[in-house]
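Student: I would like a close look at a single part of this model, followed by a short account of what lies elsewhere in the chain.

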Amino acid sequence: MYKVVLADDNVPLLDYLSASIPWGDLGLTLAAACADGEEAFEACQMHHPDILITDIGMPIMNGLELLEKVRISNPQLKTIILSCHEDFQYAQKAVKLHVSEYVLKESLQIDHLIELLRTLIAQLNEEKTAKQGVRQLQDVVKQNRSVIRTTFLRSLLEQPVMNEAEWIEKAAAFHIHLGNGSMILPVLVMPERALDLESRFGSTHLLQFVLDNTLSESILTEGCSILTLDERHAILLFPFTKTLKRNMYEDIRSELHRAQQSFRQVIRIELSMYLGDVCDDLPSLKKQIQALLNAKLFRFYAGEQRIVTVEAFEPTNDDLFIHYIEAVQDFRACIQSGVEEDITAAINKWFGLIQDKRYPVDTVRSWMVNLVMELELKYIVMQHFVSNFKAELLHQTIYQIVTLDHLREWTHQFLLEKRAALQTLSNQSVRKEIAEAKRHILLHLGEKISMEEMAGRLNLNPSHFSRLFKKETGETFVEFVNRSKMECARDLLDKSDASIEQIAEKLGFEHTSYFIKLFRSFSSKSPAEFRRRM
């Protein structure tokens with residue numbers, strides 16, 4: 001759907017055009033109908049329309065001034081000028097501003113305006129198709145380059161370096177220069193929570209492309225080569241010169257930090273980056289890259305979102321499983337206590353032990369799989385407990401976790417969910433009717449819901465239901481309904497382009513004025529003030 005902003009200080013004409021043009025049938029959305037140029041400019045900044053229909057003679061800012069300002073940030077905007085002026089100077093300026101159509105109000109007909117819109121829509125479709133073609137071609141070129149670099153890296157890691165001169169020649173094609181005093185610092189880049197990212201992006205192939213492409217745009221050091229092994233591992237090869245004038249390590253760390261921030265801000269991906277040792281020949285580079293990829297123990301204990309040089313250390317020989325029974329008892333006790341501080345204390349105790357001792361990674365995972373499975377089975381056998389427990393999925397989830405920080409966070413969330421499930425079970429008989437009432441309200445926020453109607457739905461006396469609802473929730477039925485609707489209204493004001501009138505109607509209010517009054521009472525701001533705060 002293409003967006004349209006309509007601007008005219010003649011309010012009857014504005015209303016007539018808004019109502020008479022079949023926007024939806026044309027594949028258009030009327031994003032805003034504005035009564036002056038300044039309001040229209042604000043609407044264009046907010047909605048970024050594809051088409052602007054504007055009068056010329058408007059107060060505060062005329063239509064040509066509006067168009068001139070909007071085109072600065074939106075040069076591809078299609079425009080239809082409505083005017084009572086037949087003077088050549090207006091038409092001349094409109095041509096300079098690349099106005100698509102210039103229509104006199106005296107001869108304006110809706111059918112003619114609809115045809116003009118269809119013409120603009122056809123142009124927009126052609127431009128969209130052309131842009132998609134260019135993007136697809138660019139993507140194919142980038143993907144092919146990425147595939148070639150990936151193939152080279154895998155060959156280097158998997159095949160013996162028998163003829164070093166031949167490999168150096170291959171490496172030079174990727175701007176990887178070694179020998180004759182040239183050195184390279186390898187860096188391993190790993191996205192955090194890769195399993196979640198694969199689910200978010202829909203495929204490992206797309207995630208690998210995003211990783212490779214964004215690194216190419218983020219790493220600006222001249223001569224740095226980017227070799228993406230797969231969706232979870234990329235290798236950066238920084239040219240390295242030993243000099244007293246510059247601290248190359250600090251320069252590279254600063255560059256990595258900027259790339260880390262770019263990934264976080266632009267595509268919401270967190271990265272960890274692990275630095276190896278400087279290499280001056282191809283065999284040592286190969287050895288360093290293999291060492292970075294195999295440093296699983298270091299990565300597990302190093303933490304998340306790190307930029308750190310890899311260190312070699314040995315795991316403890318202590319047996320983690322001698323603590324198993326005590327840990328099960330601690331976690332079971334904190335679930336049953338229902339106090340979040342007890343869960344935090346248990347997490348700190350056991351994950352502190354694991355961090356201090358540095359047990360082997362697979363030992364920690366096996367210990368945790370056994371522990372959580374025992375806790376799951378404990379509560380599954382309890383009467384009326386409903387669980388989506390699947391042992392194989394649980395095992396796969398834990399073994400996909402590559403850092404102790406992530407495992408700690410996952411375990412904390414697991415214990416909180418078990419505590420909540422246990423509390424729900426213990427309160428179920430008392431709160432069943434109230435839970436059903438709350439569920440119905442949240443699923444029908446667009447309807448008018450009375451307490452009497454809800455009590456009848458639950459086969460309860462209205463007075464008894466009112467007292468029960470107040471006792472269980474701490475607020476009256478009406479207060480809960482209004483609060484739920486106002487929370488939904490805040491989300492709609494934040495995350496949608498819907499007008500205040502549309503939001504009021506969506507939430508079941510017959511009068512917008514009452515909705516505004518209620519919202520002001522709830523948020524200490526009117527809906528318009530709340531939206532403008534962003």
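Is D55 buried or exposed, and what is its relative accessible area?

Tutor: D55 is buried, because its relative accessible area is 4% (buried: under 20%; exposed: over 50%; partly exposed: in between; 1.4 Å probe, protein chains only). The model is predicted, with local features requiring pLDDT of at least 70 and side-chain atom pairs pLDDT 80 or more, while totals for chains, interfaces and linings use all residues. Numbering starts from 1 along each chain as its sequence is written, and side-chain values use heavy atoms, without hydrogens or water.

D55 belongs to strand β3, residues 51-55 (helices are DSSP runs of H or I with at least four residues, strands are runs of E with at least two, numbered from the N terminus). In UniProt, an unreviewed entry lists D55 under "modified residue: 4-aspartylphosphate"; such annotations may be inferred rather than shown by experiment, and their positions follow the numbering used here, with feature names shortened. Setting aside neighbours within four places in sequence, the contacts of D55 are A7, D8, D9, G63, L82, S83 and K105 (contact: heavy atoms within 4.5 Å).

One of these partners, D8, can be examined in its own right. D8 sits in the loop between β1 (2-7) and α1 (11-20). With a relative accessibility of 0%, D8 therefore counts as buried. Its contacts, again leaving out neighbours within four places in sequence, are L13, L14, C34, A35, D55, M58, L82 and K105. L82 and K105 thus appear in the contact lists of both D8 and D55. The side chain of D8 also comes to 2.8 Å from the backbone nitrogen of N10 (a polar contact is a pair of N or O atoms within 3.5 Å, where within protein one must be able to donate a hydrogen and the other to accept it, and residues adjacent in sequence count only if both atoms are side-chain atoms).

Next comes the largest pocket. Its space amounts to about 950 Å³, and 27 residues line it, with A32, M46, H47, D497 and R531 nearest its centre. The elements that each give at least two residues to this lining are β2 (28-34), α3 (37-47), α20 (477-495), α21 (500-506) and α23 (527-532). By class, the lining holds 12 nonpolar, six polar and nine charged residues. H47 lies in α3 and counts as buried because its relative accessibility is 5%. Beyond residues up to four places away in sequence, H47 touches K3, A31, A32 and D497. A32 and D497 are thus both touched by H47 and among the residues nearest the pocket centre.

There is also one cavity of 30 Å³ or more; the largest cavity has a volume of about 30 Å³. M190, E192, Y274, R299, V402 and T403 form its lining, which divides into three nonpolar, one polar and two charged residues. On a 1 Å grid over the protein atoms alone, a cavity is a set of points where a 1.4 Å probe fits but cannot get out, a pocket is an open set with protein on both sides within 12 Å along at least five of seven lines, and lining residues have an atom within 4 Å of a point. Points are joined across faces, edges and corners, and volume is the space filled by probe spheres set on them. Ala, Val, Leu, Ile, Met, Phe, Trp, Tyr, Cys and Pro are nonpolar, Asp, Glu, Lys and Arg charged, and the others, Gly among them, polar.

Further along the chain, R253 is in helix α10, residues 248-267, and is partly exposed because its relative accessible area is 26%. Apart from neighbours within four places in sequence, R253 is in contact with L275, I307, V308 and T309. The side chains of R253 and T309 make a polar contact at 3.1 Å. T309 falls within β10 (307-309), and Q305 is in the loop between α12 (296-302) and that strand. Q305 is not a glycine, yet has a positive phi of about 55°; its relative accessible area of 38% makes it partly exposed. R193, also not a glycine, has a positive phi of about 50° and is found in the loop between β6 (183-191) and α8 (194-201).

For the chain as a whole, the secondary structure comes to 23 helices and 10 strands. Of the 534 residues, 43% are buried. Among contacts between residues at least 6 apart in sequence, 68% join residues at least 24 apart.
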